[in-house]
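Reader: I have a new model open and would like to go through its labels with you. Could you explain how each one is earned?

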Amino acid sequence: MGEQLSPDEKLHLITRNLQEVLGEEKMKQVLAERELKVYWGTATTGKPHVAYFVPMSKIADFLKAGCEVTILFADLHAFLDNMKAPWELLELRVQYYEQVIKAMLESIGVPLDKLKFIKGTDFQLSREYTLDVYRLSSMVTEHDAKKAGAEVVKQVDHPLLSGLLYPGLQALDEEYLKVDAQFGGVDQRKIFTLAEKYLPSLGYAKRSHLMNPMVPGLTGAKMSSSEEESKIDLLDRKEDVKKKLKKAFCEPGNIENNGVLSFVKHVLFPLVGEFSIKRDPKFGGDKTYTDFEEVEKEFGEELIHPGDLKAGVEVALNKLLDPIRKKFESPELRKLSNTAYPDPSKNKGAGKGNSKAAEGDELVPTRLDIRVGKVISVEKHPDADSLYLEKIDVGEAEPRTVVSGLVAYVSQEALQDRLVLLLCNLKPQKMRGGSSPGERVFVEGYETGKPDDKLNPKKKTWEKLQVDLKVSAECVAQWQDKHLMTKLGRITCKTLKGGNIS
């Protein structure tokens, strides 16, 4: 179809519904001579969700415009982004992403034979690419690297070096994939501008950049693979879709940060071209809308009830998801889904040391067996001046003996009867915090899930989760700004405002 369109018509298809375009004039020049080469990359971390239909609809536009489109499964990026994907699961997650994204494209009628699929480690481990990574790292400052990844790479108090490398690799991908333009969300804008700034310094051409708006999640914030309540998974059952939509933020008349309304705008209209609602005749009866502006106007004027909007989205969404669910009914793909994303609540290794399923899963606070303990005695360590031996009551038959070098500045008497938090599935050595001995501590929003039998020190699960443990300005213990809780409520302390929990 692309060759039947004029360059201006192709450009319109390529850029419609985008939030921002950098380098439009350069694209016009290319389109006057040949078809545009575009790539879209996705880091293979958490399971893709329904917001992925937004880039899929743009990929359909690119193909209609005659573009040569490459889809990059960025497996190395997934590992570099604070190790969101364990190294041993990278290949499985690439396979899952490829299968589910192909199913999405088939669901909306996009021909797969016109697409090129590639994974990052197919070319990012080559000698030439590696040398370019070193060359680029000699030019990019820590400030620029951190700023570029601020909206994409997970931000923590003590960032890993890998997160600083991430934006540079994404910039180099443009050269090694030999494209004219990179497509992504507007949250990647700073990475795109870093690429425009530094690729010419390596002797490579500056590319154009196409940016989609970010679709709000069901909670009103950005839809995220790692925020369970913000998203609808592509393989969610119909009852799950209904339940999540029912709980979704959709205030009457509020058209800002409304994930349900945004889904109608950015997914349903580009893909289907219309949106229907069913309602009682006394409230206006059934109606089919052929442009989003009318839907938005009537919802803003409270002529469309949130319940009717959600019901209409539920019907339309299930039509998109049905072919994907059907494809993943096969035993092979069900097995792939379960092995690429092990369920942490199904600890099959109970009684046999570490659970392989738990070890391979993403970092979630439920893996930590944190309990309230009570200090019942403190003694000087016989072999080290700065260490103490503490006996901690954690509600078991025998108190635990913990070695601590973190209390050397506190008098022995001050520790007597102190309530602390004790990590019970690590070799006993680290603790802090407050309630009654043996009581389980959980993170708000992570109430379910079984902790690992024992944390494998080689995996450094505690260290990776610990960097996000801190005390808020209100002296409340938190993990990633979510409260640490017991059945009695939030865990607080009198001092250590803004301090780290180690």
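**Salt bridges and burial**

Author: Gladly; a good place to start is D236 and K244, whose side chains meet in a salt bridge (2.8 Å, N to O). This is a predicted model, in which local features need pLDDT of at least 70, side-chain atom pairs count only at pLDDT 80 or more, and totals for chains, interfaces and linings use all residues. Residues are numbered from 1 along each chain as its sequence is written, and side-chain values use heavy atoms, with hydrogens and water left out.

Reader: What makes the pair D236 and K244 a salt bridge?

Author: The term asks for a side-chain nitrogen of Lys or Arg within 4 Å of a carboxyl oxygen of Asp or Glu. The N to O distance between K244 and D236 is 2.8 Å, so the pair meets the definition.

Reader: Are D236 and K244 buried or exposed, and how do you know?

Author: Buried means under 20% relative accessible area, exposed over 50%, and partly exposed in between (1.4 Å probe, protein chains only). D236 has 9%, so D236 is buried. K244 has 17%, and therefore K244 is buried too.

Reader: How many salt bridges does a search of the whole structure find?

Author: The search finds 23. One of them joins the side chains of R189 and E20 (2.8 Å, N to O). This pair links distant parts of the chain, with R189 in helix α9 and E20 in strand β1, 169 residues apart. Helices (H or I, at least four residues) and strands (E, at least two) are DSSP runs, numbered from the N terminus.

Reader: Why are R189 and E20 called partly exposed?

Author: R189 has a relative accessible area of 33%, so R189 falls in the partly exposed range. E20, at 22%, is therefore partly exposed as well.

Reader: What makes E301 and K297 a salt bridge, and how is each of them classed?

Author: Their closest N and O atoms are 3.1 Å apart, which satisfies the salt-bridge limit. E301 is partly exposed at 44%, whereas K297 is exposed at 52%. Elsewhere, salt bridges that share partners join R16, K58 and D61 into one network.

**A buried charge and a buried amide**

Reader: Why is E196 said to have no salt bridge?

Author: E196 lies in helix α9 (residues 189-198) and is buried. Lys and Arg count as positive and Asp and Glu as negative, while His and the chain ends are not counted. The nearest side chain of opposite charge, K206, is 4.6 Å away, so K206 does not meet the salt-bridge limit.

Reader: What does the side chain of E196 make a polar contact with?

Author: With the side chain of H209, at 2.9 Å. A polar contact is a pair of N or O atoms within 3.5 Å; within protein, one must be able to donate a hydrogen and the other to accept it, and residues adjacent in sequence count only if both atoms are side-chain atoms. Leaving aside neighbours within four places in sequence, E196 is in contact (heavy atoms within 4.5 Å) with L22, K206, R207 and H209.

Reader: How do you know that Q124 is buried?

Author: Q124 has 3% relative accessibility, so Q124 counts as buried. Q124 lies in the loop between β4 (115-119) and α6. The side chain of Q124 makes a polar contact with the side chain of D173 (3.0 Å). Beyond its neighbours within four places in sequence, Q124 is in contact with L76, H77, Y129, T130 and D173.

**One helix face and two loops**

Reader: How do you know that the buried residues of α6 line one face of the helix?

Author: In helix α6 (residues 127-137), Y129, D132, V133 and L136 are buried. Seen down the axis of α6, they fall within an arc of 105°, so they line one face. The arc is that of the directions from the helix axis to the C-beta atoms. R127 and Y134, on the other side of α6, are exposed. The cover over the buried residues includes α8 (161-176) and α9.

Reader: What is the phi of N17 and of N257, and why are they classed as they are for exposure?

Author: N17, in the loop between α1 (7-15) and β1 (20-22), has a positive phi of about 65° although it is not a glycine. At 46% relative accessibility, N17 counts as partly exposed. N257 sits in the loop between α10 (238-247) and α11 (259-272), and its phi is near 50°, also positive. Its relative accessibility is 51%, so N257 counts as exposed.
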